[in-house]
Amino acid sequence: MGAHRRPRQRAKGGSRARTAATITLAGAATATGLGGTGHADPQPTAAQVRAKVDKLYQEAEVATEKYNGVKEKADAAERRLEELRDEAARKEDGLNSAREALGSVAAAQYRSGGLDPALQLALSSDPDRYLDGAAFVERAGSRQNATVGRVRKELRDIERLRGAARVEVASLTSRRAELKRHRETVTGKLEKARRLLSRLTAEERARVGDGTGDRAARSAPGPRESLSATAEAPNSRAAAAVAYAYQKLGSPYVWGATGPNAFDCSGLTQAAYRAAGVSLPRTTYAQIDAGRRVSRSDLLPGDLVFFYSGISHVGIYVGNGQMIHAPNPSAPVRVAPVDEMPFAGAARVV
């Protein structure tokens with residue numbers, strides 16, 4: 001019987017242990033739950049969300065301008081590569097014509113009973129190597145020397161062009177990888193901003209000025225303001241750029257866009273001056289050096305105004321302390337005060 005009582009005691013003890021453990025775990029879970037609830041971070045206010053969104057937009061714009069700069073270089077590399085390929089194709093056509101001419105002479109000599117060693121070039125699988133033989137030059141007749149020299153030059157030019165094309169291909173590959181990195185940075189920051197704004201009600205977004213109500217800005221400045229700005233411009237090209245900017249009020253912001261229906265900040269200023277017959281660089285940090293620097297107190301309509309220490313934003317001045325700019329994805333092209341962002345400098349393009 002003792003043997004029967006001992007197992008029951010063990011079970012009883014085990015039960016007490018399990019009960020104690022359960023109570024301990026439940027208490028720990030309760031404490032954790034209460035602690036988590038008690039120390040939960042408060043939901044950010046609408047103003048705090050807007051501040052975070054503004055920071056994300058500014059960071060995205062920095063990355064956008066880097067993307068624009070790299071894309072400009074990638075496009076230039078692509079154009080150079082295409083030019084090199086076209087030139088190489090023309091050289092190859094010239095080479096084929098020269099070899100055909102030598103082949104015709106070779107055929108005629110063969111029919112007459114012999115083939116001049118100099119003309120074996122036309123039939124050689126490695127003509128460049130054949131041309132390097134000194135004996136070849138000595139045996140080549142004066143009649144064929146000019147054609148042989150042309151073949152030699154075409155071969156060397158083609159190899160030079162192919163080498164340059166390989167360099168451009170490597171450059172283009174590197175640029176495209178860099179473009180991908182900047183694109184991912186921009187889209188990532190814009191997506192974070194979108195998610196933050198989605199937490200707000202429509203009323204809250206309007207209250208913190210996320211730009212959804214600013215599409216009315218298209219009709220806000222009347223013809224009088226536009227005429228005044230163009231009349232005060234220092235010359236006809238600046239006036240034409242200002243007029244173009246007024247025409248684009250209400251157009252959506254799209255990063256990397258240069259018009260005619262959507263723009264990023266530097267895309268708008270570039271398009272405005274392109275319409276005036278003036279070519280501007282693609283990026284903000286290049287546009288600021290595209291003209292003569294002017295002080296804030298000397299601004300005239302048509303001047304480019306730049307913001308932030310990294311020169312990551314630009315607008316076109318229209319007078320009375322106002323500019324037209326493409327702000328960010330939450331707001332269309334609009335008129336805004338120059339002092340709404342940290343002023344970094346200004347340039348008069350024409």
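Me: In this predicted model, which residue in strand 6 does arginine 293 stand opposite?
Reply: Happy to start at the edge of the sheet. Strand 1 covers residues 292-293, and two bridges join it to strand 6, residues 343-348, with the two strands running antiparallel. Across that pairing, the residue in strand 6 that stands opposite arginine 293 is alanine 347.

Me: Which strands stand at the edges of the sheet?
Reply: The sheet is open and antiparallel, and its six strands come in the order 1-6-2-3-4-5. A strand at the edge has a single partner, so one of its sides is left without a neighbour in the sheet. That description fits strand 1 (292-293) and strand 5 (334-337).

Me: Which strands does helix 8 lie across, and at what angle does it run to strand 3?
Reply: Helix 8 spans residues 236-247. It lies across strand 3 and strand 4, which cover residues 313-319 and 322-325. Relative to strand 3, helix 8 runs at about 105 degrees.

Me: Is helix 8 parallel or oblique to helix 9?
Reply: The axes of helix 8 and helix 9 (residues 265-275) are 7 Å apart, and the packing angle is about 130 degrees. Roughly antiparallel would need an angle over 145 degrees, and roughly perpendicular one of 65 to 115. With its angle of about 130 degrees, helix 8 is therefore classed relative to helix 9 as oblique.

Me: How many nonpolar residues are there in the contact of helix 8 with helix 9?
Reply: From helix 8 come Arg237, Ala238, Ala241 and Tyr244, and they meet Ala271, Ala272, Tyr273 and Ala275 of helix 9. By class, the contact has one charged residue and no polar ones, and the number of nonpolar residues is seven.

Me: How many of the eleven residues of helix 9 are buried?
Reply: The buried residues include Cys265, Gly267, Leu268 and Gln270. Ala271, Ala272 and Tyr273 are also among them. The helix is largely enclosed by the rest of the structure, because the number of its eleven residues that are buried is nine.

Me: Where is the cis peptide bond that involves proline 260?
Reply: Most peptide bonds are trans, so a cis one is worth a look. Proline 260 is found in the loop between helix 8 and helix 9. Omega is about 5 degrees for the cis bond, which joins proline 260 to glycine 259.

Me: Is serine 312 buried or exposed?
Reply: Serine 312 is found in the loop between strand 2 (304-307) and strand 3. Beyond its neighbours within four places in sequence, serine 312 is in contact with Gln58, Glu61, Val62, Glu65, Cys265, Thr284 and Phe307. Its relative accessibility is 3%, so serine 312 counts as buried.

Me: What is phi of tyrosine 308?
Reply: Most residues other than glycine have a negative phi. Tyrosine 308, in the loop between strand 2 and strand 3, is not a glycine and yet has a positive phi. The residue is partly exposed, with a relative accessible area of 22%. Its phi is about 75 degrees.

Me: Is asparagine 320 buried or exposed?
Reply: Asparagine 320 lies in the loop between strand 3 and strand 4. Its phi is near 55 degrees, a positive value in a residue other than glycine. At 71% relative accessibility, asparagine 320 counts as exposed.

Definitions and conventions:
Residues are numbered from 1 along each chain as its sequence is written. This is a predicted model: local features need pLDDT of at least 70, side-chain atom pairs count only at pLDDT 80 or more; totals for chains, interfaces and linings use all residues. Side-chain values use heavy atoms; hydrogens and water are left out. Axes are lines fitted to C-alpha atoms, for helices over the stretch in contact, and angles run from 0 to 180 degrees between N-to-C directions. Helices (H or I, at least four residues) and strands (E, at least two) are DSSP runs, numbered from the N terminus. Angles under 35 degrees count as roughly parallel, over 145 as roughly antiparallel, 65 to 115 as roughly perpendicular and the rest as oblique. Contact means heavy atoms within 4.5 Å. Ala, Val, Leu, Ile, Met, Phe, Trp, Tyr, Cys and Pro count as nonpolar, Asp, Glu, Lys and Arg as charged, and the others, Gly among them, as polar. Buried means under 20% relative accessible area, exposed over 50%, partly exposed in between (1.4 Å probe, protein chains only). Two strands pair if DSSP finds at least two bridges between them.
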